[in-house]
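Work through the two exercises below with the structure open beside you, and try each task before you read its solution.

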There are 2 protein chains.
Amino acid sequence: MKAALFYPTLALCSALLLSACTSTPQQSAVSADLARLSDSALKSELAYDVVKSLTVEVGPRIAGSEGDKRAVVWAEEKFKALGFDKVYKEPVRVRNWSRGIADAKVIAPYQQKLFITALGGSVATPEGGLITQVVMFDSLASLKKADAAQIHDKIVFINQRMQRDRAGKGYGPVVIGRSQGAIEAAKLGAKAVLIRSVGTDNSRFAHTGVMQYSDDVEKIPAGALSNADADNLQAMLDAGKDVTLAVEMRAKEHGWQTSYNVIGEFTGSESPEEIVLIGAHLDSWDEGTGALDDGAGVGIVTGAAKIIKNVMGQPKRTIRVVLYASEEFGLTGAQEYTRKHKAELSNIIVAAESDFGAGEIYQIDTLFAPAAVEQAKPLFEALANIGVTQGHNQAGGGPDVSMLPKYGVPVVSLLQDGTYYFDYHHTANDTLDKVDPKALAQNQAAYALLAYFMANSEIDTRPAPAKTTNSH
Amino acid sequence: MKAALFYPTLALCSALLLSACTSTPQQSAVSADLARLSDSALKSELAYDVVKSLTVEVGPRIAGSEGDKRAVVWAEEKFKALGFDKVYKEPVRVRNWSRGIADAKVIAPYQQKLFITALGGSVATPEGGLITQVVMFDSLASLKKADAAQIHDKIVFINQRMQRDRAGKGYGPVVIGRSQGAIEAAKLGAKAVLIRSVGTDNSRFAHTGVMQYSDDVEKIPAGALSNADADNLQAMLDAGKDVTLAVEMRAKEHGWQTSYNVIGEFTGSESPEEIVLIGAHLDSWDEGTGALDDGAGVGIVTGAAKIIKNVMGQPKRTIRVVLYASEEFGLTGAQEYTRKHKAELSNIIVAAESDFGAGEIYQIDTLFAPAAVEQAKPLFEALANIGVTQGHNQAGGGPDVSMLPKYGVPVVSLLQDGTYYFDYHHTANDTLDKVDPKALAQNQAAYALLAYFMANSEIDTRPAPAKTTNSH
Ligand SMILES: [Zn+2]
Ligand SMILES: [Zn+2]
Ligand SMILES: [Zn+2]
Ligand SMILES: [Zn+2]
């Protein structure tokens with residue numbers, strides 16, 4: 001990688017008083033270019049058109065399914081139709097699980113249907129379903145402390161509500177119950193586990209999401225109740241009633257299938273081997289049309305790359321758009337990408353994934369060599385003009401690029417407003433109407449600015465600092 | 001009915017400049033009583049406890065179902081537990097229809113599941129379902145003008161969006177497509193009709209609601225698409241595609257069943273034969289728990305009556321709470337009540353029903369003799385203190401009392417803020433979490449003020465003016 005800097009005066013300038021700095025003609029030209037690109041991207045409906053096309057023409061696309069296969073074809077065709085220089089796909093072996101029906105009802109002391117969904121990867125109930133009493137816990141931690149005698153042969157209900165937060169900070173503390181609930185409940189002899197949905201809405205859509213088993217613990221069925229139904233069940237239990245549920249789930253494993261990471265590039269005119277990687281995941285859950293998760297990301301990164309080409313011409317470094325397979329079932333596509341491209345990872349100037357819905361971006365975090373952070377000032381200034389402030393230098397980059405920093409790959413996180421993301425996340429209600437075209441265009445502009453600046457400068461982002469925090 | 005007035009000076013006073021009016025000691029006492037009652041009702045959680053009890057312990061209660069029968073038992077027990085003087089029920093023969101499954105999917109040019117629900121009273125599809133092309137219209141009016149050749153053997157899609165409005169004014173123009181769509185589509189040879197849900201949300205909950213057939217037109221299946229799914233289908237059709245749907249609905253009629261209007265009274269201490277009637281409907285649709293429609297109304301009128309008794313003691317006139325059967329299938333309980341009580345209708349001082357969710361009340365309309373409107377000034381003043389302004393004198397009174405004005409019965413409408421009501425109305429998502437306890441208590445206070453004032457004055461509301469507008 002070249003060490004020469006495109007903007008040599010910036011580090012010095014930023015160390016002085018701002019008022020003492022004057023722009024060089026070069027800087028002014030860069031700022032003007034960024035402003036022109038940003039304006040075009042803000043006005044372009046391309047990202048929205050792409051997510052609309054994906055959700056209308058393909059819709060649900062759980063890894064390994066027919067929908068997933070259609071999504072792969074769709075992605076290749078979309079990149080080609082948009083005139084990407086190189087369009088290719090790389091096979092990924094993915095787990096293929098299907099949800100089947102998931103029914104639950106209270107049969108005593110009252111009679112009510114409960115809206116549930118299977119957690120991703122859950123086993124089915126025994127043929128004919130389960131009928132047994134339910135025991136409520138306010139968290140996974142409380143469950144772990146419980147007496148097995150209280151739980152044996154019962155259904156465990158983990159009733160912890162996710163808190164709303166712009167950055168999605170409510171997710172972590174609650175999602176542990178989704179991922180570990182079946183293991184901990186089974187250890188204590190439970191027949192099944194139901195969690196209150198990991199979601200911030202009040203609705204009857206249950207939120208799915210991947211869950212885990214442990215090889216040395218019995219595999220029990222795991223589902224999620226909608227928040228409204230969790231409220232209802234909680235009201236019965238809070239009133240001191242013995243509550244009996246009938247639960248039937250017909251989830252099923254279909255073995256491993258071949259899916260693909262689908263890749264579209266605009267090849268660098270000066271340093272084609274140097275790569276600016278922007279990504280999103282192509283798979284989705286099976287109940288919604290995957291508009292927010294992650295159709296929005298697909299639209300944003302695809303739109304950003306195409307608009308750079310349209311407005312600014314061929315980039316100097318390669319801009320590579322990677323649409324990852326099977327993010328939802330454990331980042332399978334991203335792991336495969338990292339394995340396959342290991343020799344090339346040192347050529348990635350920066351990687352960033354869009355996978356947090358369609359809310360406006362409010363902050364940019366980096367994981368760059370400190371000097372590169374200084375050199376990126378024109379980028380930060382251009383981002384500031386569209387409402388994005390500079391954050392810290394401990395970025396995670398997004399789920400599908402989260403494994404890259406340990407190979408020394410610099411990453412960026414463009415943080416989206418996730419205030420309402422978890423109202424829809426992993427539900428049947430993740431559909432196109434939740435995408436605000438204006439906010440999506442702002443995302444497209446931010447990714448365009450990032451990718452263009454990184455591709456058309458000679459900025460050296462390495463060595464990226466060690467990642468010491470869990471910030472994403 | 002007695003003609004003497006309890007507040008003889010009010011009419012005169014209101015005709016003068018306000019500043020020239022001074023309160024009589026009697027007026028001050030009345031105002032103080034109303035303020036005390038209002039404060040207690042605002043603080044009481046009774047209405048909320050009642051709707052919570054109904055939704056948790058009974059839940060869905062479509063007319064004639066097991067849930068409906070449980071609701072009748074629940075209502076009698078609730079009135080008794082609250083110490084109503086008289087608790088009784090009156091049989092009503094109700095139609096019993098069940099929804100069954102309702103599946104729809106696009107099978108060409110794409111493959112996507114669509115979320116639908118049957119409209120109330122729809123017939124089933126033929127065994128095995130229907131597979132045919134869909135034709136879109138932007139309204140019932142457009143459908144009526146269409147060429148039969150364009151529609152023959154196809155599925156008609158009426159794609160008209162309901163507009164959000166505080167007073168629910170968006171409902172009328174759209175609901176005509178729900179009620180008449182199957183008749184008009186069948187006249188032109190359609191196999192089925194699907195409407196965009198009559199609802200203001202963007203979600204995948206489809207909105208049900210009663211629909212009609214005509215004896216001389218073939219009965220075809222009728223369903224509603226969720227707004228999100230209507231968007232998706234519209235996007236395909238807008239792109240000029242021929243779209244083929246597979247639709248299966250297993251709705252079924254189960255003949256007529258006996259349900260009940262359930263009635264609780266506090267008997268008037270001075271004029272027990274004079275009745276202040278406040279009502280709500282006990283039935284609900286089958287997918288939600290009927291919290292907004294009309295559990296909230298049940299809670300409001302039950303709570304209001306009980307709080308009057310608790311705070312002010314026995315009313316002078318009888319306060320009668322009527323929980324009507326089968327409102328949803330054509331006001332069946334209300335029609336039966338009116339028939340059975342015809343001789344007694346002249347003793348109803350005023351009737352009012354709460355059936356528009358749980359939003360705050362912002363306006364009171366009356367249908368009173370003009371002199372009585374003047375005499376009700378202390379009521380209007382007390383209502384103004386809780387945010388309720390005086391409206392017009394052409395009230396409709398609410399669905400289940402809407403047939404009473406033609407028998408000369410004076411009615412009141414306490415208009416609720418319905419801005420969000422049609423986000424949930426007639427969907428699975430009509431659950432307790434949509435009820436704001438504070439707004440519900442304000443409703444309870446308004447009904448308590450109304451019922452107490454009307455029961456403890458000698459106000460003569462007759463003759464009510466002719467009803468010349470369609471305002472409800
Ligand atoms: Zn995602
Ligand atoms: Zn996800
Ligand atoms: Zn109603
Ligand atoms: Zn209704």
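**Exercise 1.** Why does the distance between the end C-alpha atoms of helix 2 (residues 25–43) of chain A agree with the span that its 19 residues should have? Then find where the buried residues of helix 2 of chain A lie around the axis.

*Solution.* Remember throughout that the model is predicted. Start with the length: at 1.5 Å a residue, counted as one less than the number of residues, the helix should span 27 Å, and because its end C-alpha atoms are 27 Å apart, the two values agree. Next, pick out the buried residues of helix 2 of chain A, which are Q27(A), V30(A), L34(A), L37(A), S38(A) and A41(A). These residues cover an arc of only 100 degrees around the axis, and therefore they sit on the same side of the helix. Finally, turn to the other side of helix 2 of chain A, where P25(A) and K43(A) are exposed.

**Exercise 2.** Identify the residues that coordinate the zinc ion (ligand 3), and describe the geometry of its site.

*Solution.* Begin with the donors: H281(B) contributes NE2, D293(B) contributes an OD atom, and D355(B) appears twice with OD, at 2.0 to 2.5 Å. Along the chain, these donors of the zinc ion (ligand 3) follow the spacing H-x11-D-x61-D. Then consider the angles among the four donor atoms, which run from 55 to 147 degrees, and the site is irregular. The pair H281(B) and D355(B) links distant parts of chain B, since H281(B) belongs to strand 10 (residues 271–281) and D355(B) to the loop between strand 12 (348–353) and strand 13 (361–367), 74 residues apart. Both H281(B) and D355(B) are buried. As a last step, note that D293(B) bridges the zinc ion (ligand 3) and the zinc ion (ligand 4), which lie 3.2 Å apart.

Conventions: Residues numbered from 1 in each chain as written. Chains lettered and ligands numbered in written order. Predicted model: local features only at pLDDT ≥ 70, side-chain atom pairs only at ≥ 80, totals over all residues. Heavy atoms only, no water. Donors = N, O, S within 2.8 Å, 3.2 Å for Na, K, Ca; no water. Tetrahedral: all angles 85-135°; square planar, octahedral: opposite > 155°, others 65-115°. Helix = DSSP H or I, 4+ residues; strand = E, 2+ residues; numbered from the N terminus. Buried < 20%, exposed > 50% of the residue type's maximum accessible area, 1.4 Å probe, protein only. Arc of directions from axis to C-beta.
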